[in-house]
Amino acid sequence: MPWSCSFRSTFRLYPKTGGGKDNLDVFLEGDGKDPDTILTEMPYDVARSATPGKLPDPKRYRDGRQLFRTIGLVYEDAAQGLKRLHVTDLGNAVRRWRPVINASNAPVLGRHAAQALAACQLRNPTREGVGYDSTVTVFPFAFIWRAMIALEGNISSDELNRAILKVQNEDDLEDAIKRIRRFRIDNDLTALGDETVSEQAKNDRLLVWMAWASFGWTLIQDKRSAGGVYSIAPNSKRVVADAAAIRHRHREFISEKEYVEYLSTCAGLPEDLR
């Protein structure tokens, strides 16, 4: 089965232009809070609400939780029947860095973030990860990076949609890279295979995967500002190459908590001595 492309929420790591909090800030400051509390703190335009006067749709919290746990920043746990959000060590590091992060210093945090992303598995114990077959052994972000490195540092939406998002293991990845190379020579889309998502939906759906793989557009440049293809950011080439070279053993996890905490541990953050 192809990688799921049902996700819709995306994010940027660089601070919000003009100040003010965004959803990432709210989640990173949400350690120990229940979902309803976090929902009420999320930026919300009352004027655009379908039902003015009511709280935002709980789906906004679920989308944010799914978005940020995928990359090891938060997870949800329940004790005595009450759900609580937990922020990982990686999430706390991002919270501390975010007010001062810029294009020049992004690789400092990016090295740790990339090490966590390299350990992310397509099949995992989260709601989004349990549906994959037991034969799927994919590290999605590492696979995307390896493909980009093998393909002159960039990749297009068509190449992702028709080739990369179908791979189920390392051998499939090598085959996908070969097909993309043929496509770049012959300019024949049939060399890539069928679409994973429709032409009309591909940009929005693929954007989420690339926002994750770029860690909020710090490791990879958004194609909308990079000539129509996703390109490894010039100051992150070494960071991405080092992380892409890591070969993790595919693991089984008993819970979302265990898995997400494992991703945070893989970041290799230095001890906080403050």
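This is a short group-meeting talk on a predicted model of one protein.

Okay, some ground rules. Residues count from 1 along each chain as its sequence is written, and since the model is predicted, local features need pLDDT of at least 70, side-chain atom pairs count only at pLDDT 80 or more, and totals for chains, interfaces and linings use all residues. Side-chain values use heavy atoms, with hydrogens and water left out.

Confidence first. The protein's mean pLDDT (the predictor's confidence in each residue, from 0 to 100) is 90, and 93% of residues reach 70 or more. Helix α6, residues 140–150, comes out highest at 98, while α9 is lowest at a mean of 86. Helices here are DSSP runs of H or I, at least four residues, numbered from the N terminus.

Now the inside. The largest nonpolar core, meaning buried Ala, Val, Leu, Ile, Met, Phe, Trp, Tyr and Cys residues joined through side-chain atoms within 4.5 Å, has 86 residues. Helix α9, residues 202–213, gives the most to this core, eight residues. Trp 3 is among those with the most contacts inside the core. Beyond four places in sequence, Trp 3 is in contact (heavy atoms within 4.5 Å) with residues including Phe 143, Ile 164 and Trp 209.

So is Gly 64, in helix α3 (residues 59–69), buried or exposed? Buried, which here means under 20% relative accessible area; Gly 64 has 6%.

Last stop: Asp 34, in the loop between α1 (23–28) and α2 (35–41). The Asp 34 side chain reaches the backbone nitrogen of Asp 36 at 3.0 Å. Outside its neighbours within four places in sequence, Asp 34 is in contact with Lys 83 and Arg 84.

Definitions and conventions:
Helix = DSSP H or I, 4+ residues; strand = E, 2+ residues; numbered from the N terminus. Polar contact = N/O pair within 3.5 Å; in protein donor to acceptor, adjacent residues only side chain to side chain. Buried < 20%, exposed > 50% of the residue type's maximum accessible area, 1.4 Å probe, protein only.
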